[in-house]
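This report describes a two-part topic: how the chains meet, and how the sheets inside them are arranged. Please read it with the sequence and structure at hand.

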Amino acid sequence: MLELYTSEPNTFFLKPLIALNEKQVDFEIRWFDAENFEQFALTELEGLENEVEARLHLEREGPLLRHDRTLIANSGFMLEYIAEALPGAALLPESPYDLYRAHASAQFLGAQLGSLVPVLGCMKYLAPKLMARAGVADVISRIEPEERRQGWMALLDGTYTPEILVSARERLEVPVQRIEKQLAEGPWLAGADYSIADIDAFALLRPVPDLAPEVANEKRTPRVLEYLARIGQRPAVKASLAISRSGNPGQHFVPGVEPSRWG
Amino acid sequence: MTVHLYHWEPNANSGKPMLTLAEKGVPFESHYTDLLKFDQHQPDYLAINPDGTIPTLVHGARVLTESTPMMEYIDDEFEGPPLKPRDPKERWRMRWWMRFLDAYYGPSLSMIGWSVFVGPAVRQRPKAELEAAIARIPLESRRIAWRKAMFNEFSAVELDESRRRVRFCTGVLEQHLTRHEWIAGKAFSLGDVNGFNLGYALPLSQPDHCNDQKTPHIMEWLRKIYERPATKEVWKLGRTTMAERVKFLERGRNA
């Protein structure tokens with residue numbers, strides 16, 4: 001039994017969907033509305049193996065994969081699990097060094113884009129919706145663990161001032177330019193072929209031209225835009241985006257990875 | 001093709017590839033890079049790793065700078081006992097825990113460590129020398145970290161939060177090792193290499209929270225790793241009192 005607990009196919013949620021569709025394996029979608037806190041009410045997952053890790057998962061919000069009695073959390077490591085455990089298309093780079101590049105890329109982008117993109121997306125699309133809903137602060141005040149609660153609270157309590165959002169957009173420059181430079185060396189991020197490194201980068205980069213057009217645009221990052229368009233044409237990617245219930249998955253965000261507290 | 005490893009003490013990120021190479025039985029040329037003398041921000045080092053972070057592994061034309069992915073590379077590239085489980089579920093658990101250690105537990109322990117060890121070790125030097133050293137650091141996040149350590153600019157709030165997280169994580173780790181003998185499950189893996197480098201001094205730095213009464217599974221796990229020949233070999237490469245702390249794990253010493 002393979003079930004993917006997911007919300008709108010954007011950022012973290014988009015990654016495992018693409019990988020499962022690339023593999024062409026049978027899986028069921030268990031939908032929850034992350035903007036309405038339904039991820040905190042998935043009681044059917046209690047008692048499964050790795051429940052502790054799934055509860056603590058460090059993206060704070062995100063998809064969960066249930067494979068028989070085992071839960072797999074963290075969208076990046078979920079990609080590796082799907083690549084290693086399921087039949088179908090090879091999605092892992094073959095050489096140890098290309099695999100290193102895939103790991104290092106996912107770690108770097110997860111920390112950089114994974115913390116910045118959700119903040120910018122939430123402030124543009126989610127925060128106005130939350131503010132219009134009654135009783136939201138009460139719901140948020142009951143979220144556990146503390147780090148996840150703070151991620152939600154920050155959307156409402158004035159943490160993200162206009163200055164902080166400007167600086168968040170500026171800080172996208174480093175990871176986006178790093179990818180632009182890598183794409184000058186070859187069409188894919190880790191080795192000669194499309195791999196989990198590209199799925200990971202695509203899912204996090206896809207909203208950037210909308211959220212920070214001054215950072216990602218035809219003039220400054222032509223290769224990144226071409227890369228997004230090229231991956232967007234893949235049937236597995238189209239099928240993944242097509243599960244959206246809103247019709248505009250690129251406008252749905254939840255708080256992401258906590259920014260680094262210490263070097 | 002010789003493996004060159006640029007590393008500081010067997011501790012935290014430097015210790016991860018050191019212990020992995022030793023466990024695999026891969027000989028390497030050791031380049032001790034003194035963090036406290038800012039060797040990692042000197043031009044000859046930046047020519048190898050422009051980010052100015054330690055460790056760096058150089059294997060032929062390949063330059064690897066991220067310590068956790070570096071461990072997987074060493075395991076994949078070289079002969080020797082496998083350090084990753086075969087079962088994809090256990091592999092996932094190994095990787096999840098390495099990220100938990102690297103991104104959540106580690107930074108909190110490291111902040112405390114820098115406030116009590118690294119900061120005081122460099123602070124007596126002239127301010128102008130320290131400012132010049134900061135100016136040479138390539139990464140903004142590292143400049144911020146060094147400034148805090150050099151001039152003791154840690155706030156009580158952030159140190160308290162780090163202590164809270166260390167206590168919380170120590171509890172989560174103890175529970176985990178109650179369910180599983182090793183980090184990934186049934187066998188020693190890179191997850192344990194990672195965890196030992198981060199946590200070998202926990203019983204000394206957190207005596208009230210990590211000890212034989214409160215966390216017997218963590219204590220037994222640390223002692224078992226300490227007793228491995230590779231660990232003994234690697235910790236001999238330490239040059240400061242920091243590495244000496246590993247001897248606290250000698251059985252019977254604190255009985």
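In this predicted model, 32 residues of chain A are in contact with 44 residues of chain B. In chain A, the residues that lose the most area to chain B are A:Y100, A:R261 and A:W262, which together account for 24% of what that side buries. The size of an interface is often given as the accessible area lost when the parts come together. Between chain A and chain B the buried area is about 3,600 Å², and carbon and sulfur atoms give 58% of that area.

Polar and charged pairings also link the two chains. There are 16 residue pairs in polar contact between chain A and chain B, counting pairs in which both residues have pLDDT 80 or more. Several elements of chain A give two or more residues to the side that touches chain B, namely α2 (51-55), β4 (70-72), α3 (75-85), α4 (96-131) and α6 (146-153). The largest share of that side, 7 residues, comes from α4(A). By residue class, the side of chain A that touches chain B divides into 15 nonpolar, 8 polar and 9 charged residues.

Salt bridges between chain A and chain B number 8, while the count over all chains comes to 43. One pair can serve as an example: B:R95 lies in helix α4 (residues 88-123) of chain B and A:E80 lies in helix α3 of chain A, so this pair joins two chains. The closest N and O atoms of the salt bridge between B:R95 and A:E80 are 3.4 Å apart, and the pair counts as a salt bridge because the cut-off for such atoms is 4 Å.

We turn now to the sheets. Strands of a sheet pair through backbone hydrogen bonds, either parallel or antiparallel. In chain A, an open sheet is formed by 4 strands in the order β2-β1-β3-β4, with mixed pairing. At the edges of this sheet stand β2 (28-31) and β4 of chain A, each with a single partner strand, so one side of each is left without a neighbour in the sheet. On average, and with direction ignored, neighbouring strands of the chain A sheet are turned by 25° against each other. Strand β1 (residues 2-6) and strand β3 (residues 64-67) of chain A pair in the antiparallel sense over 4 bridges, and within this part of the sheet A:L4 has A:L65 in β3(A) as its bridge partner. Helix α1 (residues 11-23) of chain A packs on the sheet, where it touches β1, β2 and β3 of chain A, and its direction makes about 150° with that of β1(A).

Chain B also has an open sheet of 4 strands, in the order β2-β1-β3-β4 and with mixed pairing. Here β2 (29-32) and β4 (62-64) of chain B are the edge strands, each with a single partner, so one side of each is left without a neighbour in the sheet. Neighbouring strands of the chain B sheet are turned by 15° against each other on average, direction ignored. Strand β3 (residues 56-59) of chain B pairs with β4(B) in the antiparallel sense over 3 bridges, and B:H59 has B:R62 in β4(B) as its bridge partner. Helix α1 (residues 12-24) of chain B packs on the sheet and touches β1 (3-7) and β3 of chain B, its direction making about 145° with that of β1(B).

Finally, some backbone angles deserve a look. Most residues other than glycine have a negative phi, and most peptide bonds are trans. The table lists the two cis peptide bonds described here.

| Cis peptide bond | Omega |
|---|---|
| A:E144 to A:P145 | near -10° |
| B:I54 to B:P55 | about 5° |

A:P145 is found in the loop between α5 (136-141) and α6 of chain A, and B:P55 is found in the loop between α2 (43-48) and β3 of chain B. A:D68, a residue other than glycine, has a positive phi near 55°, and its place is in the loop between β3 and β4 of chain A.

Notes
Residues numbered from 1 in each chain as written. Chains lettered and ligands numbered in written order. Predicted model: local features only at pLDDT ≥ 70, side-chain atom pairs only at ≥ 80, totals over all residues. Heavy atoms only, no water. Contact = heavy atoms within 4.5 Å. Buried area = accessible area lost by both parts, 1.4 Å probe. Salt bridge = Lys/Arg side-chain N within 4 Å of Asp/Glu carboxyl O. Polar contact = N/O pair within 3.5 Å; in protein donor to acceptor, adjacent residues only side chain to side chain. Nonpolar A, V, L, I, M, F, W, Y, C, P; charged D, E, K, R; others polar. Pairing = 2+ DSSP bridges. Axes fitted to C-alpha atoms, helices over the stretch in contact; angles between N-to-C directions.
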